[in-house]
Amino acid sequence: MAGKLIIISAPSGCGKSTIIGDIMDRGELDLQFSVSATNRKPRPGEEDGVNYHFLSDEQFQELIAQGAFVEYEQVYPGRYYGTLRSEIENRVAAGHNVILDIDVCGGVNVKELFGDKAMAVFIEPPSIEELRRRLINRGNDSEDSIRQRVDRAEYELGFIPKYDHVVTNDDLSRAVSEVEALIREYIGKE
Ligand code: ADP
Ligand code: 5GP
């Protein structure tokens, strides 16, 4: 039986990487992580081929020209992110379920392409103020980048109706359990 796609989207800083990491660490579900490509620079602790395939601007444009992406977005000015066909097609054909951490527009595009073969979950922050605090506490982004992410978050929350499920990431362990339960129910279905 073919595998399914689990799309986890949220404005940056809402906690989707943390939630996906916790679910993968628990290891209770058969899930493989789709490693996206990006032309942004790695943050401290991020590894090429693990968190992202870190590419140059030229390499990213070359892959676009080759049709290597299922979807890609310029999420921030000059910053591209994309889901590689090679990360999902063979795995799904081999019966594995694949989990994607992608932006809100990319998530909607993948859901439209895969229909019932994909479940789209939106992670929302308890509030915009709390989102700003988390971005500041994460300590990876400049003041400008935080402003950009918060502004974009307000726009992205408007995409919630296009998602199958919404989970509020207030208490982290509750949010992880909720997402895990949604995935378990979805992949258990024929
Ligand atoms: P995203 O992948 O959506 O950009 P992250 O997973 O990097 O977000 O989370 C952003 C920051 O918020 C991180 O520093 C993370 O540790 C923190 N965080 C995540 N979930 C919670 C939560 N429920 N309560 C408080 N802080 C959280
Ligand atoms: P960050 O720079 O914080 O890692 O990611 C910024 C945004 O890009 C996040 O919303 C993240 O989900 C999104 N993103 C990561 N990979 C992809 C992808 O393959 N496609 C799209 N459309 N967005 C992605």
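**Helices, sheets and cysteines of the predicted model**

In helix α6, the residues Ser145, Ile146, Arg149, Val150, Arg152, Ala153 and Glu156 are buried. Seen down the axis of α6, these buried residues fall within an arc of 170 degrees, so they line one face of the helix. The structure described here is a predicted model, and the values reported below are computed from it. The face of α6 turned away from the buried side carries Glu143 and Asp144, which are exposed. The helix comprises the 14 residues 143-156, for which a rise of 1.5 Å a residue leads to an expected span of 20 Å; the C-alpha atoms at its ends are 20 Å apart, in agreement with that expectation. The cover over the buried residues of α6 is drawn from both strands and helices, and includes β5 (69-76), β6 (79-84), α4 (104-114), β8 (118-124) and α5 (128-138).

Among the buried residues of α6, Glu156 was examined individually. Glu156 lies in helix α6 and, with a relative accessibility of 3%, counts as buried because this value is under the 20% cut-off. When its neighbours within four places in sequence are left aside, Glu156 is in contact with Pro11, Ser12, Asp103, Val104 and Phe122.

Two open sheets are described in turn. An open sheet of 5 strands is arranged in the order β2-β7-β1-β8-β9, and its pairing is parallel. Its edge strands are β2 (31-33) and β9 (165-168), each of which pairs on one side only. Neighbouring strands of this sheet are turned against each other by 25 degrees on average, when direction is ignored. Helix α4 packs on the sheet, where it touches β1 (5-9) and β8, and the direction of α4 makes about 160 degrees with that of β1.

Strand β1 is largely enclosed by the rest of the structure, because 5 of its 5 residues are buried. Both of its faces are covered, since Leu5, Ile7 and Ser9 on one side, and Ile6 and Ile8 on the other, are all buried. Strand β1 pairs with β7 (residues 97-101) in the parallel sense over 4 bridges, and Ile8 stands opposite Asp101 of β7. Strands β1 and β8 likewise run parallel and are joined by 5 bridges, with Met119 in β8 as the bridge partner of Ile6. Towards the edge of the sheet, β8 and β9 pair in the parallel sense over 4 bridges, and the bridge partner of Val121 in β9 is His165.

An open sheet of 4 strands has the order β4-β3-β6-β5, and its pairing is mixed. The edge positions are taken by β4 (52-54) and β5, each pairing on one side only. In this sheet, neighbouring strands are turned by 25 degrees against each other on average, direction again being ignored. Strand β3 (residues 36-38) is joined to β4 by 3 bridges, and the two run parallel; within this pair, Ala37 stands opposite His53 of β4.

Helix α3 (residues 85-93) lies across β4, β5 and β6, and runs at about 20 degrees to β6. The buried residues of α3 are Glu87, Ile88 and Val92. These residues cover an arc of only 80 degrees around the axis, which puts them on the same side of α3. On the other side of this helix, Ser86, Asn90 and Ala93 are exposed. Just after α3, Gly95 adopts a positive phi of about 95 degrees.

The cysteines were considered last. A disulfide is a covalent bond between the sulfur atoms of two cysteines. The structure holds 0 disulfides. Cys14 takes part in no disulfide, and the cysteine sulfur nearest to its own, that of Cys105, is 14 Å away. For Cys105, the closest cysteine sulfur is that of Cys14, and the separation of 14 Å is too far for a bond, because a disulfide requires sulfur atoms within 2.5 Å. Both residues are nonetheless classed as buried, Cys14 with a relative accessibility of 0% and Cys105 with a relative accessible area of 12%.

Terms used:
Residues numbered from 1 in each chain as written. Chains lettered and ligands numbered in written order. Predicted model: local features only at pLDDT ≥ 70, side-chain atom pairs only at ≥ 80, totals over all residues. Heavy atoms only, no water. Expected span 1.5 Å × (residues − 1). Buried < 20%, exposed > 50% of the residue type's maximum accessible area, 1.4 Å probe, protein only. Arc of directions from axis to C-beta. Contact = heavy atoms within 4.5 Å. Pairing = 2+ DSSP bridges. Axes fitted to C-alpha atoms, helices over the stretch in contact; angles between N-to-C directions.
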